Amino acid sequence: MRTRPSNAMRRGRGERRSRGVRHSGSMRRLVAVMRKETIQRLRDRRTLILILAIPLVQMLLFAYAVDLTADHLPTAIADQSLDTESRAFIEALLVSGYFDAESYVTDQAAVVRAIDEGRALAGVVIPPDFAAAVERGDAQVLVILDGSDSFSVQAGYSAALSVAQARALKLLASKVQRMGGQLESMPIQNATHVLYNPSMKDLVFVMPGLIAMLLQVLAINTTAQSVVREYELGTIEQILVTPVRPIELIVGKLIPNVALVIVDQIVTTSLGVFWFGVPFHGNVWLFAWLSLLFILSGLGLGLLISTIARTQKETQQITALLMMLSQLLTGFIYPRQPMPPLVKAVGNMIPLTYYIRIVRGIVTKGIGLAFLWSDVAALAVYAGIVMFLAAVTFRKRLD
Amino acid sequence: MFRRIWALLVKEFIQTLRDRRTLLIQIGLPIIQLTIFGYAIRMNVEHVPTAIADQSLDPSSYAYVQAMVNSGYFDAAAYVADQAAVIRAIDEGRAQAGIVIPPGFQAAVTRREAQVLLLVDGSDVFTSQTAYRAITAIAEQHATELMIARLERDGQLRSGERILPIDARVRILYNPNLDDLWFLIPGMVATILQTQAITLTAASVVREREAGTIEQLLVTPIVPGELMLGKIAPNLVISMFNMLTILAVGLFWFRVPFQGDFGLFAWLSFMYVFSGLGLGLLVSTISQNQKQTQQTAMLIMLVGLVLGGFMFPRYLQPAWVRIIGNLFPLTYFIPIARGIVTKGVGLSYMWEHVVALLIYVVVVMTLSIRAFRQKLD
């Protein structure tokens, strides 16, 4: 492989003689590099299949795995009263949908043990003589939550309190009624509307971000190895003796990848919209153009990594780090708003941060350029800077 | 046999130590990761920027808005004129929640027919869930207080009497102050270690193959099993070192208490790291070139992250997704790490995960050796 002169080189050498018009020569060299890259891509079938299939696999897994609404917590129940009041209270907890009876145990120690073992994530302890205590107005219930699991603890906390409050209000109402009074309706009615995603489906929230993230992973991965690989294999020398200029080499390496990533973008987006039924509220063409801008910035970033790294192993370390940072800092899952400024600044260095807001804006909110212009501008500047840096470092490395 | 392994070990260690820059990255990166993540991830969303359209501006509406702001969950980001302006603020991303109080609120409260519209940005899941819960709870609480105050005034209830007959107390085990970091750090340590372990060995075999040096190794009397062990050994040292450094950052910098037995934790993380390195090795032997390795390793890391229980709770996943999650060592180690670090429980509470991890190591190593032999033919 190392000794076989590639197609591009042969063309390059032949071209040296007819170096008349600058512009058309540049075009021809560009086409030559592109042909070489495309052939290389198509030849390695297994990698190509991996590149195209991985985003689909990830998308399916994510879509089915992501469930952020922590309900149906497995709950250990210690009902030491076993009277009508305690049963009614437990019934109210189970009916709320937040708690599922995992086991019925005898006392608090057994509840704690069930949580220690990880069988239950929540526990309820109702002390003896509950009904009598309710009558006296000083009944107590203990709800125990697993503090090592962030999801269950937060949902369980508010659910338990609101179930208890509702139950208590109901009891209060019947008490007031018995005393001959009439409990009035609540003085304020609250109506809570969730915009864009009225049924609070996790999928509607996760899917746009997921499409954006898979796109970035793919864009970076496809180019990250390109230059460093030629260095490691020594084939870069062969390219350098041809009249191909650095910028032509870079653009030539990018274009086949752009095509590849666009195909992937179309496939994942259609899967999200048509298979998973995530509504697309905004303008499809605006989405397409801004996605192209994002793809360019992602590919540029990959290229920059490739020109900086010395070995493919290093590239892999950097891309893995970048992927992890992207998942955590860009607002894909965890909200950016509570992050400290320094961490936000690190997130700002990843193109995904801007694109996630754009995708959510267009797909979920259905808003247009007037609302998104600052992120679009940031992305455009980003793409420009990254490409420029990649070209500069590449040229430096040649010396 | 020992001499052969020894020779191989020496070669691998020399190779590892020679490439200073890579070694520095391998040692420094996990520390940087944990530090950034420790600051980045906050699951308790507070101070949600809120757009407020108070069209009454009377004492009742003030009290209502005050109750929201005082809760600490909502910050007044903007005071606007009407509902359209609130929605616009959420559209623009300036606010993530909104309160609309219609005109004549005070009178409506007296007539008991006051209405408030609460709006929540549904495109951001954590914020919308927290905001939804908080805003509903506070609003209900406020309404209940108003009602009880009136009952007392009307003489239907004696003041000072305990109003609600049931008092629910919530006790949170292991993490009474609900400090995010207490449950995040063990999961992060597990996640970072897996990523690190897989990346360390993923390139090893395929690299020798690409560079052609594998032929030189094969003509020596070394058998595949020895080769695999030799490849893993230096990385095992690096990974264990990583474990110590990031755990130290978690314990001393982020001040997360370590409740359990450190010796047990060290042994189990040794096993965990071994399984991760083995997985990387398997990827390395079945790949044809480094590019494929990278794609496969990425896939494993991403899927492991999603299904392992760090980001999303595992008990909510459908059964078939959980089975796929069982293919990653991370899935077993997260409960172990949380169990020892946060809960402080011992081996008897987590033996299933430990056994699973042990089987995992054996299976992955056997598969690697098998795959390597097949490739040779």
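# Exercises on a predicted two-chain model

**Exercise 1. Work out how helix α3 of chain A and helix α11 of chain A lie against each other.**

Step 1. Start with the geometry: in this predicted model, helix α3 (residues 45–65) of chain A packs against helix α11 (residues 246–275) of chain A at an angle of about 25°, and their axes are 10 Å apart.

Step 2. Now put a word to the angle. Angles under 35 degrees count as roughly parallel, so α3(A) is roughly parallel to α11(A).

Step 3. Add the handedness: α3(A) and α11(A) cross in a right-handed way.

Step 4. Find the residues that touch. From α3(A) come Ile51(A), Leu52(A), Pro55(A), Leu56(A) and Met59(A), while α11(A) supplies Leu260(A), Asp264(A), Val267(A), Thr268(A) and Leu271(A).

Step 5. Sort them by class: the contact of α3(A) with α11(A) has eight nonpolar residues, one polar and one charged.

**Exercise 2. Describe the packing of helix α8 of chain A on helix α15 of chain A.**

Step 1. Helix α8 (residues 202–224) of chain A and helix α15 (residues 351–365) of chain A meet at an angle of about 140°, with 9 Å between their axes.

Step 2. This angle makes α8(A) oblique to α15(A). The crossing of the two helices is right-handed.

Step 3. Look for the contact residues in your viewer. On α8(A) they include Val204(A), Pro208(A) and Gln216(A). On α15(A), Tyr355(A), Ile356(A) and Arg360(A) are among them.

Step 4. Sorted by class, the contact of α8(A) with α15(A) has 11 nonpolar, three polar and one charged residues.

**Exercise 3. Move to chain B and analyse the pair α11(B) and α12(B).**

Step 1. Helix α11 (residues 262–286) of chain B packs with helix α12 (residues 290–307) of chain B at about 145°, their axes being 9 Å apart.

Step 2. α11(B) and α12(B) make a right-handed crossing.

Step 3. The partners are Leu279(B), Gly280(B), Val283(B) and Ser284(B) on α11(B), and Thr293(B), Thr296(B), Ala297(B) and Ile300(B) on α12(B).

Step 4. The class count for the contact of α11(B) with α12(B) is four nonpolar, four polar and no charged residues.

**Exercise 4. Find the domains of each chain and how far apart their centres lie.**

Step 1. Chain A is assigned domain 1 (19–65 + 200–398) and domain 2 (73–178). The C-alpha centres of these two domains of chain A are 50 Å apart.

Step 2. Chain B is assigned domain 1 (2–41 + 178–376) and domain 2 (48–154). Here the centres, taken over C-alpha atoms, are separated by 49 Å.

**Exercise 5. Describe where chain A touches chain B.**

Step 1. Count the residues on each side: 99 from chain A and 98 from chain B take part in the contact.

Step 2. On the side of chain A, helix α7 (residues 150–178) gives the most, with 16 residues.

Step 3. By class, this side of chain A has 58 nonpolar, 26 polar and 15 charged residues.

**Exercise 6. Decide which stretches to read with care.**

Step 1. Chain A has a mean pLDDT of 81, with 90% of its residues at 70 or more. Within chain A, residues 1–21 have a pLDDT below 50.

Step 2. Where pLDDT is low, the predicted coordinates should not be read in detail.

Step 3. Chain B has a mean pLDDT of 84, and 96% of its residues reach 70 or more. Its confidence is lowest in strand β5 (residues 166–173) of chain B, at a mean of 73, and highest in α11(B), at 92.

Step 4. For the complex, the predictor gives an ipTM of 0.72 and a pTM of 0.76.

Note on methods. Residues numbered from 1 in each chain as written. Chains lettered and ligands numbered in written order. Predicted model: local features only at pLDDT ≥ 70, side-chain atom pairs only at ≥ 80, totals over all residues. Contact = placed C-beta atoms within 7 Å. Helix = DSSP H or I, 4+ residues; strand = E, 2+ residues; numbered from the N terminus. Nonpolar A, V, L, I, M, F, W, Y, C, P; charged D, E, K, R; others polar. Domains from an automatic or database assignment. pLDDT = per-residue confidence, 0-100. Axes fitted to C-alpha atoms, helices over the stretch in contact; angles between N-to-C directions. Parallel < 35°, antiparallel > 145°, perpendicular 65-115°, else oblique. Left-handed = near helix turned anticlockwise from the far one by under 90°.
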